[in-house]
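Student: I would like to learn how to read a structure like this one. Can we go through it feature by feature?

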Amino acid sequence: MAKKLGRVLLILVAVVAVLALVLAAAGLYVTRRSFPQIEGEIEIAGLEGPVEVVRDDWGVPHIYAENSHDLFLAQGYVHAQDRFWQMDFWRHIGAGRLSELFGESQLESDRFLRTFGWARVVQQELDQLEPESQAILDAYAQGVNAYLAERQGSALSLEYAVLKLTNAAYEPEPWQPEDTLLWGKVMAWNLGGNMDEEYGRALLLGSLSEQQMADLFPPYPAGHPVIVSEFGTFEGESALPDLNRALLSRVAPGLAALAEPPAALEALTGPRGTAICSNSWVVAGQKTVTGAPILANDPHLSVQMPSIWYEVALHCQPQGPACPYQVTGVSFAGVPGVVIGHNDRIAWGFTNVGPDVQDIYVEKLNPDNPNQYEVNGEWVDMEVVEEALLVAGGEPVSLTVRLTRHGPLMWEESHDEFQQQAGIELPAHYGLALRWTALDPGFVFPAVWRFNLAQNWNEFRQAASLFHVPAQNLVYADVDGN
């Protein structure tokens, strides 16, 4: 009996061992089949000449091409090799299409993001792009899609093997130029989060005195240094009228409700605004031992896996009018060019300004028509946009977005309980609209591409004039010691 039991146990152990080996082999196969090819030759449709990609000891790709089109096409291909899941995930954030990936759990995030309407703004920006920038975006998208044509599913990235367990029908769409521009909107959200301060201070103003507010938020000391030496001063009445305090109390539920979606998004994009800080400095050549300037830049973007940055070097061989780039630094996966780095003449870096770029407006709404609001004593129509939110494993969900002259309506209420309790005559129906610079057509990446080409301070300044959102501090140095 004991011998028979021993044989049974031995067989069970052997079966378990074999299953463990099979599972380990399968796991290794699924994991490694998505690894990029980094040796040998690859034929890619659309290339106009030969391209060489050399990965150094740290895995950083150095891309060598004879023309700009091929250079950015190859960068798109290499980005997709290493980071396509990250690229796909972030474009779904930017477009407010997370439910298409993860199902009903992301509906509230999609409602919030789709109300912003970044995808609508990006379409306007595409129409305003100059031909040079459009050509860069098109070449980059060609490269990404060349990689997608070769691989799908877990061969594209390990994450898709996991996603198949809950969303078997999902297949990534081809990369489009607008997907790159959406990256800029997500970064603008991460770096321009003073909306939190807007509703936070407004909530406090409803119950605290001005002195208490001054204690909590002291002004910048008058004797401390400033970058801009002269400011206009506000000399108007600083006290808040009683009606405004009553209004702040009235809309307090809406202000509190505005805090919930950003907090939920931080689980996807990481901390933002004042939760992340950066530093940068530059020393002129006449103050260094070598006579060359020293530039340091430490942008503290949120910690992610994989990193938000992707190191890359872009080399034109030969360098000339058809291919003027010779630039090294860090990029975003999903964006052509180098965001922070140096070329053969200049170096540059960024830190976040943290300016006041978001304002919340209290709009008086027409209780008899939900699509109208008051402007100068008259009811005017909002722009109404109907959105369909696709949900993995479920039915589409409709969303009505209403746009005021200040921006999208983020919250509204229609009951008159406050008026009954407070005894103050206030209109019965209010909404909160968001005014934000990132919701106006404006550019960031065309400025970056011109930084890549700038050869001196004046060219750098001209490029910087195109940099709209998110607002950044810039540091600069060049080989002439400036």
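Tutor: Yes. Keep in mind that this is a predicted model.

Student: What does the secondary structure of the protein chain come to?

Tutor: The protein chain has 16 helices and 16 strands. Of its 482 residues, 44% count as buried.

Student: Which share of the contacts with a separation of 6 or more comes from residues 24 or more positions apart?

Tutor: That share is 67% in the protein chain. Tryptophan 189 gives a case of residues distant in sequence. Tryptophan 189 sits in helix α8. Its C-alpha atom is 8.1 Å from that of proline 470, although 281 residues separate the two along the chain.

Student: Is tryptophan 189 buried or exposed?

Tutor: Buried means under 20% relative accessible area. Tryptophan 189 has 1% relative accessibility, so it counts as buried.

Student: And the surface: how much area does the protein chain expose?

Tutor: About 25100 Å², with carbon and sulfur atoms supplying 56% of it.

Student: Now a helix. Which residues of α5 are buried?

Tutor: Helix α5 spans residues 118-128, and its buried residues are Trp118, Val121, Val122, Glu125 and Leu126.

Student: Why do the buried residues of α5 line one face of the helix?

Tutor: Look down the axis of α5. The buried residues fall within an arc of 145°, so they line one face.

Student: What do the buried residues of α5 pack against?

Tutor: They pack against four helices and a strand: α2 (68-95), α4 (107-116), α6 (131-150), α8 (177-191) and β15 (430-436). Helix α8 also holds tryptophan 189.

Student: Strand β15 leads us to sheets. In what order do the strands of its sheet stand?

Tutor: The general idea comes before the case. Strands of a sheet pair through backbone hydrogen bonds, either parallel or antiparallel. Here five strands form an open sheet, β11-β10-β9-β15-β14, with antiparallel pairing.

Student: Why is one side of β11 and of β14 left without a neighbour in the sheet?

Tutor: Strands β11 (378-381) and β14 (409-413) stand at the edges with a single partner strand each, so one side of each has no neighbour in the sheet. From one strand to the next, the twist averages 40°.

Student: How many bridges join β9 and β15?

Tutor: Seven bridges, in the antiparallel sense; β9 covers residues 358-366. One pair to find is aspartate 359 with its bridge partner in β15, arginine 435. Helix α9 (residues 195-205) lies across β9 and β15, at about 60° to β9.

Student: What is the strand order in the sheet of seven strands?

Tutor: The order is β1-β2-β5-β6-β7-β8-β16. This sheet is open too, and its pairing is mixed. Its edge strands, β1 (52-55) and β16 (472-478), each pair on one side only. Neighbouring strands are turned by 20° against each other on average, direction ignored.

Student: How do β7 and β8 pair?

Tutor: Strand β7 (residues 340-342) pairs with strand β8 (residues 346-352) in the antiparallel sense, over two bridges. Glycine 341 stands opposite tryptophan 348 in β8. Helix α16 (residues 457-464) lies across β8 and β16, running at about 160° to β16.

Student: Last feature. Which cysteines form a disulfide?

Tutor: Take the sulfur distance as your test: a disulfide needs a pair of cysteine sulfur atoms within 2.5 Å. Cysteine 316 and cysteine 323 meet it, with sulfur atoms 2.0 Å apart. A search of the whole structure finds one disulfide. The angle about the S-S bond is -70°, and the link is left-handed.

Student: Are the two cysteines buried or exposed?

Tutor: Cysteine 316 is buried at a relative accessible area of 3%. Cysteine 323 is buried too, at 1% relative accessibility.

Terms used
Residues numbered from 1 in each chain as written. Predicted model: local features only at pLDDT ≥ 70, side-chain atom pairs only at ≥ 80, totals over all residues. Heavy atoms only, no water. Buried < 20%, exposed > 50% of the residue type's maximum accessible area, 1.4 Å probe, protein only. Arc of directions from axis to C-beta. Contact = heavy atoms within 4.5 Å. Pairing = 2+ DSSP bridges. Axes fitted to C-alpha atoms, helices over the stretch in contact; angles between N-to-C directions. Areas by Shrake-Rupley, 256 points an atom, 1.4 Å probe, with all protein chains shown as cover.
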